[in-house]
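This report describes the fold of one protein chain for a reader who is new to structural analysis. Please keep the sequence and the structure in view while reading.

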Amino acid sequence: MANSLLHPMPFTRMEIAVLGLVDKRLQVLLVRREHAPHPGQWALPGGVLRIDLDASLEAAARRVLRERLGLELPFLRQLCAVGGSHRDPRAPWALSVVYRAMAMASQLAPLAGKRVKQVTWLPVEDVMKDRALAFDHAALVAMAVETTRQEIEQLELPAGILPPQFTLSELQADCEQLLGRRLDKSSFRRRLADRALVEPVHGVTRAGANRPAQVYRLRRVPEPQDNKA
């Protein structure tokens with residue numbers, strides 16, 4: 001039998017970009033690193049993949065969120081995977097699987113957990129330009145922001161970052177804050193109606209400047225069912 005060739009495995013990490021609206025601006029949740037490399041610098045919350053603890057990539061991402069921030073977030077989506085020989089000084093080749101979480105910042109209470117000195121929200125526009133951010137995390141934040149804004153442009157409304165109920169004016173304001181620009185009111189409402197993305201909450205209104213405003217919610221889409229013979 002021929003001898004097997006053994007190849008070293010890459011150093012594998014999970015990184016999580018948690019996005020939320022804070023002070024009417026799209027912001028990202030960052031941690032101040034406690035240990036080397038990059039001690040004292042801001043970074044995305046992250047941690048090493050543990051094959052003894054993590055049944056899947058998503059399970060690893062959720063464990064890292066619990067350990068670093070004390071958070072459980074329902075809306076978690078894999079964003080990308082990045083790797084290379086110069087990403088992390090602890091290994092000759094490092095791989096990061098990056099997840100994005102969308103959350104209502106006002107309802108989160110993140111705590112500085114394992115290997116974390118401090119936690120804060122920072123505006124994404126500042127973070128994407130910050131060369132002092134640890135590793136290549138400024139670029140990862142930029143990917144998360146670009147993906148989110150593309151979804152908003154296509155009216156793929158992220159449930160995790162929106163309140164469960166809203167008026168159409170409130171929904172448009174949230175989308176504008178996520179995009180960082182204004183939207184045309186008539187066009188926005190026409191596209192919502194054409195795609196049947198929201199539904200009224202019957203009997204619920206909110207006081208408006210001239211008359212009560214109808215309250216809406218994201219339209220419930222039935223879960224697909226397997227065809228049975």
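In this report, two residues are in contact when heavy atoms of theirs lie within 4.5 Å. The model under discussion is a predicted one.

With that definition, V28 can be described through its surroundings. Leaving aside neighbours within four places in sequence, V28 is in contact with V18, L19, L44, T120, W121, L122, V124, V127 and V141. V28 is also one of the residues with the most contacts inside the largest nonpolar core, together with L26, L171 and L192.

**Overall architecture**

The protein contains five helices and nine strands. Read from the N terminus, its elements follow the order β-β-β-β-α-β-β-β-α-α-α-α-β-β. Along the principal axes, the C-alpha atoms fill a box of roughly 75 × 55 × 30 Å. Of the 229 residues in the protein, 43% are buried. Among contacts with a separation of 6 or more, 62% are made by residues 24 or more positions apart.

**The nonpolar cores**

How many residues does the largest nonpolar core have? The number is 38. Two or more residues of this core come from each of the strands β1 (11–22), β2 (25–33), β5 (76–84) and β6 (94–102), and likewise from each of the helices α2 (124–127), α3, α4 and α5 (185–195). Helix α3 gives the most to this core, with six residues. Another core lies apart from it and has 22 residues, including V31, A61, L73 and L76.

One of the contacts of V28 is L122, a residue of strand β7 (residues 116–123). Is L122 buried, partly exposed or exposed? L122 counts as partly exposed because its relative accessibility is 27%, and the partly exposed class lies between the limits of 20% and 50%. Beyond its neighbours within four places in sequence, L122 is in contact with Q27, V28, L30 and V127. The C-alpha atoms of L122 and I16 are separated by 15 Å, and these two residues are 106 residues apart along the chain.

**Packing of two helices**

Two packed helices are described by the angle between their axes and the distance between the axes. Helix α3 (residues 137–153) and helix α4 (residues 168–179) pack at an angle of about 145°, and their axes are 9 Å apart. Their crossing is left-handed. Helix α3 makes this contact through R149, I152 and E153, while helix α4 uses C175, L178 and L179. By class, four of the residues in the contact are nonpolar, two are charged and none is polar.

**A hairpin of two strands**

Strand β8 (residues 198–206) and strand β9 (residues 213–218) pair in the antiparallel sense over five bridges. Together β8 and β9 form a hairpin, with six residues between them. Within this pairing, R206 stands opposite A213 in β9.

**Backbone features in the loops**

Most residues other than glycine have a negative phi, and most peptide bonds are trans. Which two residues of the loop between β1 and β2 have a positive phi? The table gives their values.

| Residue | Place | Phi | Relative accessibility |
|---|---|---|---|
| D23 | loop between β1 and β2 | near 55° | 69% |
| K24 | loop between β1 and β2 | about 65° | 65% |

Neither D23 nor K24 is a glycine. D23 counts as exposed because its relative accessibility is 69%, and the exposed class begins over 50%. K24 is likewise exposed, with a relative accessible area of 65%.

A cis peptide bond joins A36 and P37, and its omega is about 0°. P37 has its place in the loop between β2 and β3 (42–43).

**A residue of helix α5**

S186 lies in helix α5. Because its relative accessibility is 52%, S186 counts as exposed. S186 and H35 are 151 residues apart along the chain, and their C-alpha atoms are separated by 51 Å.

Methods:
Residues are numbered from 1 along each chain as its sequence is written. This is a predicted model: local features need pLDDT of at least 70, side-chain atom pairs count only at pLDDT 80 or more; totals for chains, interfaces and linings use all residues. Side-chain values use heavy atoms; hydrogens and water are left out. Axes are lines fitted to C-alpha atoms, for helices over the stretch in contact, and angles run from 0 to 180 degrees between N-to-C directions. Helices (H or I, at least four residues) and strands (E, at least two) are DSSP runs, numbered from the N terminus. A crossing is left-handed if the near helix is turned anticlockwise from the far one by less than a right angle, and right-handed if clockwise. Ala, Val, Leu, Ile, Met, Phe, Trp, Tyr, Cys and Pro count as nonpolar, Asp, Glu, Lys and Arg as charged, and the others, Gly among them, as polar. A nonpolar core is a set of buried Ala, Val, Leu, Ile, Met, Phe, Trp, Tyr and Cys residues joined through side-chain atoms within 4.5 Å. Buried means under 20% relative accessible area, exposed over 50%, partly exposed in between (1.4 Å probe, protein chains only). Two strands pair if DSSP finds at least two bridges between them.
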